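Good morning, colleagues. Please bring up the sequence and the model on the screen, and I shall take you through selected parts of it.

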Amino acid sequence: MAHPAHEDTIQLVKEIFRSYLKEGNQRQTPERFMVLEEIYRADGHFDADDIFFRMQEGGTRVSRATVYNTLDLLVECGLVQKQQFGKSQYYYERAYAYQQHDHIICNECGHVLEFCDPRIGEIQDMLGKIHGMNIESHSLHFYGTCENVEACDKRKEGLKKGSLVN
Ligand SMILES: [Zn+2]
Ligand SMILES: [Zn+2]
């Protein structure tokens, strides 16, 4: 599983975001940097509301609109990756200094697992050779259901209540 980003990484991504905002003549508000920091201190995948509620719980005053708009900016400048697992909702995860990985998603509770398997990289290289393409990246999602039914049901309950689920 993922772990929160290193302190050096957090400083570095702040610098990248700062110059991105400057170049685009966008305002460098403290709230935007707080959203960025929250994301890089987080683990794994989350939706926009997860971030919003987590910041509120942590006592940070930031509007929902600011969270959404900052997420868009972070996706644009490549610091955050936006993914859709299954149905409708979008998930975000940090993109800088984060290893290439793939996902397994539960169709019932929406649980997202990350894994890293070098064999997938080998398949990527092989397919590139066969098809005469320089493949640069891929996005691979497996869908299924949790073997642990109890934990799965618990997460499903959490989803219904609208609380935070990891
Ligand atoms: Zn991931
Ligand atoms: Zn499940």
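Gly-78, just after helix 4, takes a positive phi of about 80°. I should say at once that we are looking at a predicted model, and that each value I quote is computed from it.

Let me stay with the helix that precedes this glycine. Helix 4 covers residues 64–76, which makes 13 residues. At 1.5 Å a residue, helix 4 should span 18 Å, and its end C-alpha atoms are 19 Å apart, so the expected and the computed span agree.

Which residues of helix 4 are buried? They are Val-67, Thr-70, Leu-71 and Leu-74. These four cover an arc of only 105° around the axis, and therefore they sit on the same side of helix 4. On the other side of the helix, Ala-65 and Glu-76 are exposed. As for what the buried side packs against, the partners are helix 2, helix 3, which is 48–57, strand 1, which is 80–84, and strand 2, which is 90–94.

Helix 5 offers a second case to consider. This helix runs over residues 118–131 and has 14 residues. From its first C-alpha to its last it reaches 20 Å, close to the 20 Å expected at 1.5 Å a residue. How many of the 14 residues of helix 5 are buried? The count is zero, and helix 5 is hardly covered. A glycine with a positive phi follows here too: Gly-132 comes after helix 5, with a phi near 60°.

A positive phi also occurs at a residue that is not a glycine, namely Asn-25, where the value is about 55°. Asn-25 lies in the loop between helix 1 and helix 2. Is Asn-25 buried or exposed? It has 6 C-beta neighbours inside 10 Å, and because a residue with 12 or fewer counts as exposed, Asn-25 is placed in the exposed class.

That loop brings us to the two helices on either side of it. Helix 1 comprises residues 7–23 and helix 2 comprises residues 30–41. They pack at an angle of about 145°, and their axes are 10 Å apart. The crossing of helix 1 past helix 2 is right-handed.

Where do they meet? From helix 1, the contact involves Thr-9, Ile-10, Val-13, Lys-14 and Phe-17, and from helix 2, it involves Phe-33, Leu-36, Glu-37 and Tyr-40. Sorted by class, this contact has six nonpolar residues, one polar residue and two charged residues.

Two members of that contact deserve a separate word. Phe-17, in helix 1, has 24 C-beta neighbours inside 10 Å and therefore counts as buried, the threshold for that class being 20 or more. Leaving aside residues up to four places away in sequence, Phe-17 touches Phe-33, Leu-36, Cys-77 and Leu-79. By way of distance, Phe-17 and Asp-117 are 100 residues apart in sequence, and their C-alpha atoms are 31 Å apart in space.

The second member is Leu-36, found in helix 2. Why does Leu-36 count as buried? The reason is that it has 23 C-beta neighbours inside 10 Å. With residues up to four places away in sequence again left out, Leu-36 touches Val-13, Lys-14, Phe-17, Leu-74 and Leu-79. Leu-74, you will recall, is one of the buried residues of helix 4. Between the C-alpha atoms of Leu-36 and Gly-24, which are twelve residues apart along the chain, the separation is 17 Å.

For a residue in a strand, please turn to Gln-84, which is found in strand 1. Gln-84 has 11 other C-beta atoms within 10 Å and is therefore exposed. Gln-84 and His-141 are 57 residues apart in sequence, whereas their C-alpha atoms are 9.6 Å apart in space.

I shall finish with the protein as a whole. It contains six helices and five strands, and from the N terminus on, the elements run α-α-α-α-β-β-β-β-α-β-α. Its C-alpha atoms fill a box of roughly 45 × 45 × 30 Å, taken along the principal axes. Of the 166 residues, 16% count as buried. Among contacts between residues at least 6 apart in sequence, 56% join residues at least 24 apart. Thank you for your attention.

Terms used: Residues numbered from 1 in each chain as written. Chains lettered and ligands numbered in written order. Predicted model: local features only at pLDDT ≥ 70, side-chain atom pairs only at ≥ 80, totals over all residues. Axes fitted to C-alpha atoms, helices over the stretch in contact; angles between N-to-C directions. Helix = DSSP H or I, 4+ residues; strand = E, 2+ residues; numbered from the N terminus. Left-handed = near helix turned anticlockwise from the far one by under 90°. Contact = placed C-beta atoms within 7 Å. Nonpolar A, V, L, I, M, F, W, Y, C, P; charged D, E, K, R; others polar. Expected span 1.5 Å × (residues − 1). Arc of directions from axis to C-beta.
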